[in-house]
Amino acid sequence: MSQSFVDYCQTNSFSKFICDYLNSHVLKDLYGSYPNIKNIQEHAPSILNSYNQEKRMVLVEELYKQHQHLTPSKKTREHLKWLERKNTVTITTGHQLCLMLGPLYTLYKIVSILKLCNILNESSDSIRYVPIFWMASEDHDFEEISFFEYQGIKFKWEKETQGFTGELDLSGLKMVLDLFQSQLGESVNARHLNKIIEKAYQAHQNLSDATRFLLHELFGKYGLIILDANNRNLKKLFIPQMKQELFEGECKRGVDNTIQKVKEIYDSKHKPQVNPRDINLFYKGKNSRHRIIKQKSVFQLVDLDNAWTENEILDELATNPEKFSPNVLTRCLYQQVILPNVTYIGGAAEVAYWLQLIDYFKNQNMVFPKLVLRNSALLITDKQSKKLHQFKLGDSDLFLHRNILINKHIRAISNIDLSLEELKKQLENQFSFLNELVMQTDKSFHGAVQAQKKKQLKGIKKLEKRLLKAQRRKLESHVKRLTLLHEELFPGELLQERKVNFSQFFLLYGFEFIDQLMDSFDPLGKKWTILRLNSLSMAKNHLN
């Protein structure tokens with residue numbers, strides 16, 4: 001295994017807002033410095049001071065219940081015991097319950113929190129850090145989680161549903177997974193993966209339980225704790241904040257205030273990642289989830305006839321807190337209420353909407369966690385690495401748009417200079433001389449000179465494109481080979497991590513695939529990891 005790195009902001013994969021957050025420009029005045037080991041450790045005591053033992057005991061009890069059917073690993077049991085103590089904080093990430101964990105970046109989130117916990121625990125004796133994966137089991141967008149891709153093939157679970165995805169029964173899924181498993185072959189790693197899939201999706205009743213099992217099989221040895229917060233006892237802890245949201249709309253007030261500050265201090269045209277509603281809560285119906293709205297003094301559900309007076313909805317909240325569900329913004333507060341969370345690690349969109357919550361948290365007297373951008377990676381096999389070496393491409397070249405990359409390569413390998421930049425410079429000089437001459441004789445000719453200059457430059461640019469196109473035809477084999485290689489690394493010209501499922505690499509490298517991610521990731525490094533995977537597991541896999 002070998003790795004190299006490209007600065008996140010040189011990959012053209014992140015917004016200016018996120019790049020400025022990473023590099024602590026003017027956004028530092030709003031959010032402070034980007035997290036590092038020192039300021040995370042300094043932040044931990046404030047989290048501990050704000051988190052009471054009653055919440056801790058409720059949390060730990062529910063986590064033990066949720067892990068009792070998993071046969072937790074030694075490391076997970078150790079982390080659960082740590083969490084009982086007053087000196088333990090959490091580092092959290094979360095994601096939707098995507099079928100087969102969805103694209104690779106779900107794994108990257110998890111490895112990021114595991115690695116950061118390891119680093120912090122190695123450098124601290126007084127405070128312990130444990131990794132939490134927050135299952136977004138109350139999400140209702142089934143379409144987003146119903147498929148995954150393997151070797152360019154899309155495997156999709158067809159099902160009619162509108163309720164919480166975590167509560168979905170697994171009917172109709174076996175046929176999809178049988179078809180997928182038929183593509184895996186008979187290697188050792190294929191047999192391992194097939195066994196995990198069968199135990200996850202055939203031996204469990206709902207998507208939450210299946211996903212928890214799959215996550216534990218992959219990450220249990222590293223001590224990952226998996227939390228499903230769709231839970232009555234945990235929701236009870238959040239009743240005061242939900243009551244305030246229903247009657248006072250604190251989330252919208254706080255988020256709007258933060259957004260306004262960003263526009264004033266940073267960019268007047270800044271567009272928020274998520275716009276808050278008047279009430280940022282849902283209500284769980286039968287196999288459905290509905291937004292709560294308030295009309296005068298009556299609370300209603302969008303698309304349902306349910307209605308409550310103010311006293312009635314208070315009774316409903318006290319009696320059935322599990323039926324109330326936070327949306328994407330209030331979920332962040334819910335997370336912080338029930339967890340002693342010092343750091344949240346998420347993707348760029350998550351970091352952006354978390355940053356909108358500064359004033360909301362402040363108004364709720366909640367300590368805001370440090371926000372870290374998850375690791376990103378480009379995985380390259382031995383075979384692909386050898387091809388890249390032949391093309392003599394730099395790491396940053398890989399993130400160029402495909403057409404630009406190919407043109408750059410064609411120019412590099414051509415035995416003639418396809419650039420007409422020197423000719424353009426000569427033309428610029430000639431027209432500068434002509435323009436000076438016109439200004440000394442008849443200024444009315446200035447427009448005509450500029451028009452002619454524009455026409456000539458346009459003609460040269462057009463000729464340059466035609467020369468490049470002709471050379472591409474001449475070097476067609478190079479173009480085809482580079483196109484195929486780039487398609488392997490950036491399928492559909494999208495980031496690999498947003499398209500490819502982990503199974504594609506597990507099949508080659510087995511559990512060592514995750515070991516290599518753990519070895520290579522630097523969760524605070526602010527750089528894209530280009531990981532050239534070794535072939536050790538692959539060789540063992542085929543020998544067995």
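## Exercises: a parallel sheet and four cysteines

T93 has F133 of strand 3 as its bridge partner. The model is predicted: local features need pLDDT of at least 70, side-chain atom pairs count only at pLDDT 80 or more, and totals for chains, interfaces and linings use all residues. Residues are numbered from 1 along each chain as its sequence is written, and side-chain values use heavy atoms, without hydrogens and water.

**Exercise 1. Place the T93 bridge in its sheet.**

Step 1. Fix the terms. Strands (E, at least two residues) and helices (H or I, at least four) are DSSP runs, numbered from the N terminus. Two strands pair if DSSP finds at least two bridges between them.

Step 2. Find the pair. Strand 2 (residues 88-95) runs parallel to strand 3 (residues 128-135), with 8 bridges.

Step 3. Extend to the sheet. The order is 6-3-2-12-13, giving an open sheet of 5 strands with parallel pairing. Strand 6 (225-228) and strand 13 (370-373) are the edges, each pairing on one side only. On average, neighbouring strands are turned by 30° against each other, direction ignored.

**Exercise 2. Find what lies across strand 6.**

Step 1. Set the geometry. Axes are lines fitted to C-alpha atoms, for helices over the stretch in contact (heavy atoms within 4.5 Å). Angles run from 0 to 180 degrees between N-to-C directions.

Step 2. Take helix 4 (residues 53-67). It lies across strand 2 and strand 6, at about 100° to strand 6.

Step 3. Take helix 10 (residues 207-219). This helix lies across strand 3 and strand 6, at about 170° to strand 6.

**Exercise 3. Locate the disulfide and give its handedness.**

Step 1. Apply the cut-off: a pair of cysteine sulfur atoms within 2.5 Å. The whole structure yields 1 disulfide.

Step 2. Name the pair. C9 is joined to C19, S to S 2.3 Å. The two are 10 residues apart: C9 sits in the loop between strand 1 (2-7) and helix 1 (16-22), C19 in helix 1.

Step 3. Read the torsion. About the S-S bond of C9 and C19 it is about -125°, so the disulfide is left-handed.

Step 4. Check accessibility. Buried means under 20% relative accessible area, exposed over 50%, partly exposed in between (1.4 Å probe, protein chains only). C9 is partly exposed at 25%; C19 is buried at 11%.

**Exercise 4. Explain why C117 has no bond to C332.**

Step 1. Take the distance. C332 holds the closest cysteine sulfur, 19 Å from that of C117, so it is too far for a bond.

Step 2. Add the surroundings. C117 is buried, with a relative accessible area of 1%.
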